[in-house]
There are 2 protein chains.
Amino acid sequence: MLTAQYAVRGALVQRAEVLEGKLKASKTSVPFDEIIYCNIGNPQQLQQPPLTFLRQVLSLVECPELLKVPGVAAAMPSDVVARAQAIIRATAPSAGAYTHSKGLAFVREHVAQFIAERDGGHTANAEHIFLSDGASPAVKVGLTLLLRGKSDGILLPIPQYPLYSATIALLGGTQVPYYLDEANQWGLSVRELEQQWAAAKRAGVDVRALVVINPGNPTGQVMTYDNIAEVVQWAAKRDVLLLADEVYQANVYETGKQFHSFKKVLRDLKSPLQCFSFHSVSKGVMGECGKRGGYMEAVNVDDAVVEQIYKLNSINLCPNVPGQLTVDIMVKPPRKGDASYERHTAEMREIFDSLKRRAERLAAMLNSLEGVTCNPAQGAMYAFPQVRLPPKAIAAAKSAKVAPDAYYCFQLLEATGICVVPGSGFGQRDGTHHFRTTFLPREDKVDKVARLMTAFHSEFLKKHA
Amino acid sequence: MLTAQYAVRGALVQRAEVLEGKLKASKTSVPFDEIIYCNIGNPQQLQQPPLTFLRQVLSLVECPELLKVPGVAAAMPSDVVARAQAIIRATAPSAGAYTHSKGLAFVREHVAQFIAERDGGHTANAEHIFLSDGASPAVKVGLTLLLRGKSDGILLPIPQYPLYSATIALLGGTQVPYYLDEANQWGLSVRELEQQWAAAKRAGVDVRALVVINPGNPTGQVMTYDNIAEVVQWAAKRDVLLLADEVYQANVYETGKQFHSFKKVLRDLKSPLQCFSFHSVSKGVMGECGKRGGYMEAVNVDDAVVEQIYKLNSINLCPNVPGQLTVDIMVKPPRKGDASYERHTAEMREIFDSLKRRAERLAAMLNSLEGVTCNPAQGAMYAFPQVRLPPKAIAAAKSAKVAPDAYYCFQLLEATGICVVPGSGFGQRDGTHHFRTTFLPREDKVDKVARLMTAFHSEFLKKHA
């Protein structure tokens, strides 16, 4: 348990909170006027507005008597009222009760329809869909099913999102890292998978599953259809279950790039590969992180496994209901012709277009810094630049007893108030140094981040020349 | 993982769901007109109404623009509007963001004030309070911290709530059962604790913690101050951390009985005992099970332990925000003089008084059945009667390959539509048979349950005479 680490909310964030306290106490105590949290994909913390349709529906479900207040029904679009009434009926007598451990049946039906539509008609079974409090607990359930002890291994990308390494450590399993190719847009090579799998096998590790994060976190790459197909075929050949982290499926920015789900590709290929796929309301353009809503789809797994997932979910009784209903709105938004359609679509487009502009702006800025290279953020919410640190900086980090990239990030925080996460929290090739930053601050703030980072970086190089 | 069991949502409930499906398809397919779910403490599923003040506040926080709809602010009590505005300010820019991993600071402050008021002025530290998605995940965090392997043991009451046994099984620890004394109102004896502790020690088990559920689940007893004091002193002497499951603290019905928190008693005694105490919004008279809100207070634990709890919570990012805000309303309800005070208090009293009547009604009915005895439900939401089964019933169970008490419960379900949980799901002394039933159905339904159970039981005895 002590070995589990979770850098996204680690020492840097705790230091940022201390500095924020100082700043509140005295504006002159630090050399900046605000902390800008770029450490975590938390859009609404950085002023991304919630989607109106969602919040209107949820408020009426929370307090159905509002519908009787004169003026409310008239002030709300007709589809909001209709949707709220449908949910109130479907959850009668109250949306305040525990639901089925898998989640509300009608929400799972809507998720199944969403998946079928997304995947070109390949059907989904609502009984194999498990709603969850965000994707994280669902990933934990999946890993709990897979890991029986130290000799069970999970293939994990490097860099990776630390939920995986932390949970594997907690469950007493073994991480089997495979490296994404930074020189090739953080590409995933099946040859690398095979090599790491074979090495693990020689070391006596039974590789039970492969984690793929697409679009990538922290790396932002979007996999091609053909690459996904290769991975599916390889995993099926090696009988390795696939954990497909697809929470950024709606966050693909680069022209010509497109999200393909592993489920679609494996069905196209008629592959028997077992797969757990994860999605969340926290990302996309909804950004409802605080709701803790998500789902897992179990594909090609035995009924006995589905039973075990049900049992594990039962121990927590059920995912929270507002989170479940947020999933419902995510997978079944207003349709063309509905009263809210225009507004909803415009809000979604505005958030998406702005994310795309910010992704490009930030990557361009990072690439303009001396000794820094950054692959384009094709998707997700992050840039993951490599920083070539001068020897003097590495020596200074050594005296300070922190990793060199953490040293850089702490200096950045102390000088500018910008909070990012060192690459060592995600894993990186030895001798390389990175950090992860979100591009979630508002557009004017992204400009400020760019200005501050540029000035800091040049000062840092001077100081450690 | 396969050994974990969770009877509250086990085979009986799955059978009940099948029967419910049949009933929907054809009213004559089963010999009853509805399924009555008495298997789980889920008040709002059984038509307990939500508290108005809570739902009004949450709806405005969900959709602040409602405050601008003409008529809404006027239709809402002034304290609802003020409370919603305060929460909107405190969560700005949006209540849709991830919060601190421990939960929102202002909610934790309110929890600390609530605890201090409840415990006669003994203060609580908001930094040692961790908000959670209901009590269950917080219990899991506590057990994760405590269990390092098979030789670590947890003292667990028998009967117990199966969250504990299931989680210990998942974490690979050892259950060290201690028996509650059914003949003595399910009393907890320190002599029994000492005996089981010593036996475990002899067997090479390091007993790390003691679970006490007060008021009891499934047993309904309410511990006296003196009994709590004995337990505190024993646990401190044996250096065993206390897990105090106090989620039913607001559910004490028997005249003369009173809830005392372990925290209060250990502070009164100036005991250094380490304690994790759990509370939830799912129980009490709020019954907001679907919100998944709760908290854990860590008492007398090192900062290093607090750090580890923070880290484990961070991996899930944060508890869901509507659940956190429900905790806020639970611990800081309208006060005398507030516009909602009278209505809120009346709603709370009505629910409480009705629960009390139903507890008495159900226990009296159970005690009237031949061969059935039931301790009074002094607190919580359950009765846990012992049923003396005739030898022919035990033989029939054996042929059917189910536990005798499960056999009785299946027969009850098939005959009446009433879904209860066999005692074997909670643990019981060998050779005794029990079941747990909630007393949550509405008062007219409790009468129906009493009528149906009485008729079934007499028929069952006849059939197996």
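In this predicted model, the C-alpha centres of domain 1 of chain A and domain 3 of chain A are 27 Å apart. Where these two domains touch, domain 1 of chain A contributes 31 residues and domain 3 of chain A contributes 27 residues. On the domain 1 side, α13 (341-368) and β10 (382-383) of chain A each provide at least two residues, and α13(A) gives the most, with six residues. The residues on that side of domain 1 of chain A that touches domain 3 of chain A comprise 16 nonpolar, twelve polar and three charged. To place these parts along the chain, follow domain 1 (7-48 + 346-463), domain 2 (52-93) and domain 3 (105-331) of chain A.

Now let us turn to the meeting of the two chains. Here 55 residues of chain B are in contact with 55 residues of chain A. On the chain B side, the elements that give two or more residues are α2 (52-62), α3 (72-75), α6 (135-146), α7, α11 (303-315) and α12 (321-331). The most comes from α2(B), with five residues. By type, the chain B side that touches chain A holds 26 nonpolar, 21 polar and eight charged residues.

Finally, take a look at a single residue, Gly172(B). You will find Gly172(B) in the loop between α7 (162-171) and β4 (174-179) of chain B. Gly172(B) counts as partly exposed because it has 16 C-beta neighbours inside 10 Å. Apart from neighbours within four places in sequence, Gly172(B) is in contact with Leu147(B), Gly149(B) and Lys150(B). Gly153(B) is 19 residues away from Gly172(B) along the chain, and their C-alpha atoms are separated by 9.8 Å.

Terms used:
Residues are numbered from 1 along each chain as its sequence is written. Chains are lettered from A and ligands numbered from 1 in the order in which they are written. This is a predicted model: local features need pLDDT of at least 70, side-chain atom pairs count only at pLDDT 80 or more; totals for chains, interfaces and linings use all residues. Helices (H or I, at least four residues) and strands (E, at least two) are DSSP runs, numbered from the N terminus. A residue is buried if 20 or more other C-beta atoms lie within 10 Å of its own, exposed if 12 or fewer, and partly exposed in between; C-beta atoms are placed from the backbone. Two residues are in contact if their C-beta atoms, placed from the backbone, lie within 7 Å. Ala, Val, Leu, Ile, Met, Phe, Trp, Tyr, Cys and Pro count as nonpolar, Asp, Glu, Lys and Arg as charged, and the others, Gly among them, as polar. Domain bounds come from an automatic or database domain assignment.
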